[in-house]
Structures are given as structure tokens and as C-alpha cells.
Amino acid sequence: MREYVLDIRADNMLADTCRSYIESGKMGSAFEVRGDEVGFSLAELADVQPMNLDALVNDWPDEVEEQQELDEFGLPKPRDCDGPYFTALNYYSEEYGQGDGMDEAVELRGFEAFLDKAEPSDFSDDVHGVYKVGLAQLWSQSTWENGFTDRDVEREQAALSIERGDLLTIRPLEVNPKQADGHDPLEVRDLGFAFFRGDAMLPYTPYHDYDQYLIAGALLTLNRGELVACLVRNNSCTGGDGVPVDKDFCWRVYTPTVEVLKLGATV
């Protein structure tokens, strides 16, 4: 077990969600509220009973992924980004107006996204000690300007290092978080938790607001002896070299889809 202390006065997404969970009584039994601090015990992979996660992977549909051509760094040449366009203003449309406030609107959008990606196997819980929370997307971005700034190749290599079937664990940042692997990304600090493979922090954050809600909610409702993990389904790279307003601006975005799980769960 790994012991953590969270400062719920901190200016990050996890602390903010933690405050609302305390007020609503939704905190899991792994948590102990002590004034402005919350202590909790987070299980590690060695703490939970062995489980056959291969059974989950085998239930996934086969994916025929076209191999992307590699560049001079051995990184994939990106595909064009063709995802749906969405801004915060969409939440004020009639489609999301049926929700009671922004939180419910975000949850509704997340539910729609889940149904768009889900397969029949996503609705079955047939592995002992595993509770399926849902599907989420992560993202890691890299930007640079040709001739002016350097490309962060190491960051991209770290982002590309995860693949189908890999298991990532989620850990919060403590009251006085230490830098991991020599970096302390601002976006991770603002989030309040990070993704790890082993003890190595990965340069990933949740992609959408509903992905943040899903993962933070899974973390804060943990019971003693459980942990939250992500089983990687795929990882893709989109981006481009040059944009209409700046031909030197280059960008890459890595977006793995993951299955969010509670391990050691008894439900």
C-alpha cells in the first residue's frame, strides 16, 4: 500500500473534485478527512490479487491499424485530425440544456462518447477483482516552430512507448509532489494526478473534460485495497507541419484510448 496526503485547498482539478465529493458523501472508504487534508491508502499492483486481464483484451474487437510512415526520429508521420469540433458554447445548446448545470452536461457528453466507442463486451464484468469504470481518451501534445524552437523528441518517444494491452496506474500528486523523471509538467500540476507505467510518469493527461470527471471520480471513490488503472486499447498520432497562420508551426498529438478499471474491487 502507498500512503498519500492531499491538500484539498490546492488549486487543481483533483482537489476541487475532492471537496465536492466530501460535501456529497461520495468519498470511498480508502479516504480519511482530516481538516484541510485528506489521507488515503492506494493499493499497488503487488497488493491486489492476480487477475487475468488478458481476458479483457481478448474481448476487444480486432483492430486493423494501418501502419504510419516514420520520420527521421523514428516517430510516426501524423494523420490529419478529423475529430468533431466542440467548444464550451456547445454546452449551452438545446442538446445539453436538459442537464442540471454544467456537471451534468459534461456527464451527458461523456455518456454519448462512451456509447459511440463501446462494444458489447464493455457492458460485461466477468473478471474477478476488476470493475469496469468506462472508456476514456488520454492525450499528449508536442509543438515547435521550425528554425525557432526545438522539437521535444524524448517527450514524444515517451508518449509513443505505450501500446495495446499495456497497464497504466493513476496516482495523485501529494501535498509536496516530487518531480518525476526530471519533469513536472504544468498540466499535470493543474490536474492533481498523473499516469504511470511502473514508477515512470508518462506525459499524458485526460483528453476531454468528461474524461477528467470519469478518472477523478474513479480515484475518489476507491475503497481500501483498490487502485485505478488504465488498460491501453490503442494509440494514434495526429498533427501537421504548418498551419494557415504560421507555416513554421508544427504539432503532434498522441491520443490513446484506454479502459478505466478499478482493480482489487469487490463490487
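Okay, so let's start with Glu 44: it's partly exposed, with a relative accessible area of 29%. Keep in mind as we go that this is a predicted model. Glu 44 has a salt-bridge partner, Arg 2, and the closest N and O atoms of the two are 2.9 Å apart. That pair ties together distant parts of the chain, because Arg 2 is in strand β1, residues 2-7, while Glu 44 is in the loop between β3 and α2, with the two positions 42 residues apart in numbering. Arg 2 counts as partly exposed too, at 27% relative accessibility. And the pair isn't on its own: Arg 2, Glu 44, Arg 171 and Asp 199 are linked in a network of salt bridges.

How many salt bridges does the structure hold? There are 14. Let me show you another one, between Arg 19 and Asp 16, where the closest N and O atoms are 3.0 Å apart. These two sit three residues apart in helix α1, so they're separated by about one helical turn. The general idea is that an α-helix has 3.6 residues a turn, so residues three or four places apart point the same way. Arg 19 is partly exposed at 30%, and Asp 16 is partly exposed at 45%.

Now, are Glu 156 and Arg 151 buried or exposed? Both are buried. They form a salt bridge as well, with the closest N and O atoms 2.7 Å apart.

Back to α1 for a moment. The helix covers residues 13-24, and from its first C-alpha to its last it reaches 17 Å, close to the 16 Å expected at 1.5 Å a residue. Its N-terminal end is capped by Asn 12, which has a side-chain oxygen 3.1 Å from the backbone nitrogen of Leu 14. Leu 14 is one of the buried residues of α1, and Met 13, Ala 15 and Tyr 21 are also among them. Just after the helix comes Gly 25, with a positive phi of about 75 degrees.

Helix α6, residues 209-220, makes a nice partner for that length check. Its twelve residues should span 16 Å at 1.5 Å a residue, and its end C-alpha atoms are 17 Å apart, which agrees. Its buried residues include Tyr 210, Asp 211 and Ile 215.

On to the strands. Take β9, residues 227-234: seven of its eight residues are buried. Which strands does it pair with? With β5, residues 167-172, it pairs in the antiparallel sense over three bridges, and Leu 168 has Cys 230 of β9 as its bridge partner. With β12, residues 257-263, the pairing is antiparallel again, over seven bridges. One of those partnerships joins Asn 234 to Thr 257 in β12.

Here's a pair of contacts across the sequence. Leu 173, in the loop between β5 and α5, is 20 residues from Phe 193 in sequence, yet their C-alpha atoms are 5.2 Å apart. Leu 173 counts as buried because its relative accessibility is 14%, and the cut-off is under 20%. Then there's Ala 194 in strand β6, buried at 0% relative accessibility. Its C-alpha is 5.6 Å from that of Arg 171, 23 residues away along the chain.

Last stop, the surface. Leu 89, Tyr 92 and Met 102 form a nonpolar patch there, with about 390 Å² of accessible area together. Leu 89 lies in the loop between α2 and α3, and at 68% relative accessibility it counts as exposed.

How values were computed: Residues numbered from 1 in each chain as written. Predicted model: local features only at pLDDT ≥ 70, side-chain atom pairs only at ≥ 80, totals over all residues. Heavy atoms only, no water. Patch = residues over 30% accessible without salt bridge, like charges linked within 9 Å, V, L, I, M, F, W, Y side chains within 5 Å. Areas by Shrake-Rupley, 256 points an atom, 1.4 Å probe, with all protein chains shown as cover. Salt bridge = Lys/Arg side-chain N within 4 Å of Asp/Glu carboxyl O. Helix = DSSP H or I, 4+ residues; strand = E, 2+ residues; numbered from the N terminus. Buried < 20%, exposed > 50% of the residue type's maximum accessible area, 1.4 Å probe, protein only. Pairing = 2+ DSSP bridges. Expected span 1.5 Å × (residues − 1). Polar contact = N/O pair within 3.5 Å; in protein donor to acceptor, adjacent residues only side chain to side chain.
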